[in-house]
Amino acid sequence: MGGALLKGWFAQGLSPVDIMIVEPGGRAVVETANEHPALTVLTDASELPSDFTPDAVVFAVKPQAAADIIPAYDRFAEGGTVYLSIIAGLSLNRLIEMLGRDAAVVRAMPNTPAAIGRGISVLCPAESVGPSQKRVCKVLMAAAGQTAWVTDETDMDAVTAVSGSGPAYVFLLAEALTEAGIGAGLEPALAEQLAHATVSGAGALLDAEKSSAGTLRENVTSPGGTTEAALEILRAEDGLSQLMKRAVAAATQRSKDLAG
Ligand SMILES: NC(=O)c1ccc[n+]([C@@H]2O[C@H](COP(=O)([O-])OP(=O)(O)OC[C@H]3O[C@@H](n4cnc5c(N)ncnc54)[C@H](OP(=O)(O)O)[C@@H]3O)[C@@H](O)[C@H]2O)c1
């Protein structure tokens with residue numbers, strides 16, 4: 001995810017001389033670093049210049065590694081630096097504990113379409129974060145696609161369940177539609193092609209049109225027609241809406257449990 005953000009920052013026109021990467025193996029950034037020789041890639045926080053005062057420090061490491069890595073960046077906390085973490089489940093309080101009480105921290109939850117700049121990231125600031133620090137975080141996450149803010153940190157569990165995990169639900173829809181097409185007698189390759197093109201095409205249409213998803217659905221549903229026959233099953237009492245509510249509730253609960 002850090003590598004995807006980096007690509008997005010370059011696409012937005014950020015200069016390599018304004019970025020320093022710390023990554024022990026350099027794996028996520030090797031391709032981008034080759035394209036931008038002026039980019040500094042370090043293997044440890046201790047290699048950062050002593051007079052370095054970044055506008056923002058972005059944490060994109062695994063949750064289980066966070067406690068070992070983050071405290072090494074605490075020296076920037078009093079210099080106006082904003083810390084932006086995309087680490088799933090790591091609370092603002094835990095981040096502040098690791099960095100010191102003056103740290104201005106923002107949590108963000110991106111999703112995987114960030115890899116092609118089509119993600120959505122929800123940001124949540126600690127109380128101490130000022131307007132210009134928020135602007136910096138918004139610009140940094142805009143490299144991954146759309147952005148939105150929440151002020152109540154408990155909303156981040158539901159955000160994780162809806163947009164963080166959401167791409168997997170859509171991929172499952174494509175799989176299920178493929179299987180159903182095969183079940184209806186189509187060749188597997190054709191069923192898969194139809195399902196993928198339908199999911200991605202419908203997604204693009206939803207993005208391009210100003211209408212709501214409900215209106216677009218109604219527009220393709222003629223009374224007594226084929227779509228209506230399918231929607232009667234999908235919209236039954238035990239249909240997709242109920243299933244989706246249960247799925248999102250389960251993911252929200254898991255997000256709460258993982259955060260402790
Ligand atoms: N993937 C997603 O869709 C997604 C969505 C939302 C949030 N997130 C969050 O994003 C974070 C990263 O996830 P990911 O899927 O991108 O994991 P990942 O591919 O395993 O990336 C973790 C990165 O951390 C680096 N790292 C390890 N030790 C480090 C250290 N001491 N200093 C600096 N960097 C270090 C790793 O570098 P090496 O390869 O050199 O070890 C690797 O590039 C996670 O906290 C996850 O919760 C991910």
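This short presentation describes the fold of one protein chain, from its domains to a few single residues. Please keep in mind that the model is predicted.

I begin with the overall division. The domain assignment of the protein gives two parts, domain 1 covering residues 2–154 and domain 2 covering residues 166–259. Between the C-alpha centres of domain 1 and domain 2 there are 34 Å.

Let us turn to the sheet. Five strands make up an open sheet, and their order is E3-E4-E5-E6-E7, with mixed pairing. Strand E3 (56–59) and strand E7 (145–149) are the edge strands, each pairing on one side only. From one strand to the next, the twist averages 25°. Within this sheet, strand E5 (residues 104–109) and strand E6 (residues 119–125) are antiparallel partners, joined over four bridges. To take one position in E5, valine 106 has proline 125 in E6 as its bridge partner.

Two helices should be mentioned with the sheet. Helix H4 (residues 92–99) packs on the sheet and touches E3, strand E4 (82–85), E5 and E6. The direction of H4 makes about 140° with that of E5. Helix H6 (residues 155–164) also packs on the sheet, where it touches E5 and E6. For H6, the angle with the direction of E5 is about 35°.

Which residues of H6 are buried? They are Met156, Asp157, Val159, Thr160, Ala161 and Ser163. The elements that cover these buried residues include E5, E6, helix H7 (166–183) and helix H11 (240–259).

I come now to the nonpolar core. The largest one has 49 residues, and the members that touch the most other members are Ile70, Tyr73 and Tyr83. Helix H1 (2–11), E3, E4, H4, E5, E6, helix H5 (131–142) and H6 each supply at least two residues of this core. Which element gives the most? That is E5, with five residues.

Tyrosine 83 deserves a closer look. Apart from its neighbours within four places in sequence, tyrosine 83 is in contact with a list of residues that includes Val57, Phe59, Tyr73, Phe76, Leu99 and Val105. The contacts of tyrosine 83 also include Asp74 and Arg75, as well as Val106, the residue that I paired with proline 125 a moment ago.

Next, the cysteines. A disulfide is a covalent bond between the sulfur atoms of two cysteines. How many disulfides are there in this model? The count comes to zero. Why is cysteine 124 not bonded to cysteine 137? The closest cysteine sulfur to that of cysteine 124 is in cysteine 137, and it is 11 Å away, which is too far for a bond, because a disulfide requires the two sulfur atoms to be within 2.5 Å. Cysteine 137 is likewise in no disulfide. Is cysteine 124 buried or exposed? Cysteine 124 counts as buried, because its relative accessibility is 0%. Cysteine 137 is buried too, with a relative accessible area of 0%.

I close with one residue in another helix. Leucine 231 lies in helix H10 (residues 226–234). Its relative accessibility is 16%, and leucine 231 therefore counts as buried, the cut-off being under 20%. Beyond residues up to four places away in sequence, leucine 231 touches Arg217 and Thr221. Leucine 231 and arginine 217 are 14 residues apart along the chain, while their C-alpha atoms are separated by 9.6 Å.

Notes. Residues numbered from 1 in each chain as written. Predicted model: local features only at pLDDT ≥ 70, side-chain atom pairs only at ≥ 80, totals over all residues. Heavy atoms only, no water. Pairing = 2+ DSSP bridges. Axes fitted to C-alpha atoms, helices over the stretch in contact; angles between N-to-C directions. Contact = heavy atoms within 4.5 Å. Core = buried A, V, L, I, M, F, W, Y, C linked by side-chain atoms within 4.5 Å. Buried < 20%, exposed > 50% of the residue type's maximum accessible area, 1.4 Å probe, protein only. Domains from an automatic or database assignment.
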